[in-house]
Amino acid sequence: MSLDALTKKSLSLFSAVGGWRTVAEGVASRALFLVAYLLSGRVLTAALIAVGGVFVFAVVRMCTDRKFWQPVVGLVVVGVSALLAGSTGHAVDFYLTAVLIQAGGAVVFGISMLARWPVIGVVLGAVRGDRFAWRRDRRQRRRYMVCTAVFLAKFAVVTALLVPLYLTGKVVALGVAATVLGGAPAAGVCVYLCWRILRTHEPAVPVPSGG
């Protein structure tokens, strides 16, 4: 999920989640693993099927959109997930990366808020080319803090849900929660909410009067 969408003048919720292809790619590995595991009962088999599914999506994305870093990152994540599950023989370990990503996101976004350098502000400053000019605008800085808090709340809530499921070994519930809440759909909702916050409070552009 790219935060570049926050700079767009118009954005729908469907666009914020990245469209059907991004959603499909985002949930493919976790959903495929869970379904394959329930059908086969074999962790390694399910892990290989998940890797194969993501590989197909990655090849299609590279050939059609000429995008490389997103497919590569997706392959690396699912590869690590498959390696963890295959090495331990425990299905829940396939979702350990999802748990760690959510927990890590909560830590990063939380620290950025405590340091008064909200992640959203840093990212959008880089995207827009004005770097840290937003820090001199108290209202803009506050809006970026609110947007960062939206993501922080998402990461914290999802982490609070995933950790107990992982520790108790409830693979079905963990798989469903990680697929729905830990991927593109939930992140897209956060992007859309932040876009609404930023657009609603943007200063109006003055209209030049006729001479």
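Q: Among contacts between residues at least 6 apart in sequence, what percentage joins residues at least 24 apart?
A: The model is predicted: local features need pLDDT of at least 70, side-chain atom pairs count only at pLDDT 80 or more, and totals for chains, interfaces and linings use all residues. Residues are numbered from 1 along each chain as its sequence is written, and side-chain values use heavy atoms, with hydrogens and water left out. A contact means heavy atoms within 4.5 Å. Of the contacts between residues at least 6 apart, the part joining residues at least 24 apart is 68%.

Q: How many helices does the chain have?
A: Helices (H or I, at least four residues) and strands (E, at least two) are DSSP runs, numbered from the N terminus. The elements run α-α-α-α-α-α-α-α-α. There are zero strands, and the number of helices is nine.

Q: Which helix gives the largest share of the largest nonpolar core?
A: A nonpolar core is a set of buried (under 20% relative accessible area, 1.4 Å probe, protein chains only) Ala, Val, Leu, Ile, Met, Phe, Trp, Tyr and Cys residues joined through side-chain atoms within 4.5 Å. The largest one has 24 residues, with Phe33, Phe94, Tyr95, Leu162 and Leu174 making the most contacts inside it. Elements giving it two or more residues include helix H2 (19-40), helix H3 (43-65) and helix H8 (171-181). The largest share, five residues, comes from H3.

Q: How many residues are in the other core, which includes Phe109 and Cys190?
A: This core lies apart from the largest one, to which H3 gives five residues. Among its members are Ala106, Phe109, Cys190 and Cys194, and its number of residues is 17.

Q: What length does helix H7 reach from its first C-alpha to its last?
A: H7 covers residues 138-167, which is 30 residues. The expected span of a helix is 1.5 Å times one less than its number of residues, here 44 Å. The model comes close to that, at 42 Å.

Q: Which residue's side-chain oxygen reaches the backbone nitrogen of Arg139?
A: A polar contact is a pair of N or O atoms within 3.5 Å; within protein, one must be able to donate a hydrogen and the other to accept it, and residues adjacent in sequence count only if both atoms are side-chain atoms. At the start of H7, the oxygen comes within 3.1 Å of that nitrogen, and it belongs to Asp137.

Q: Why is Cys147 not bonded to Cys194?
A: A disulfide is a pair of cysteine sulfur atoms within 2.5 Å, and the whole structure has zero. Cys190 is in none either, with the sulfur of Cys194 6.5 Å away. For Cys147, the closest cysteine sulfur is that of Cys194, which is too far for a bond because the distance is 3.9 Å.

Notes:
Buried < 20%, exposed > 50% of the residue type's maximum accessible area, 1.4 Å probe, protein only.
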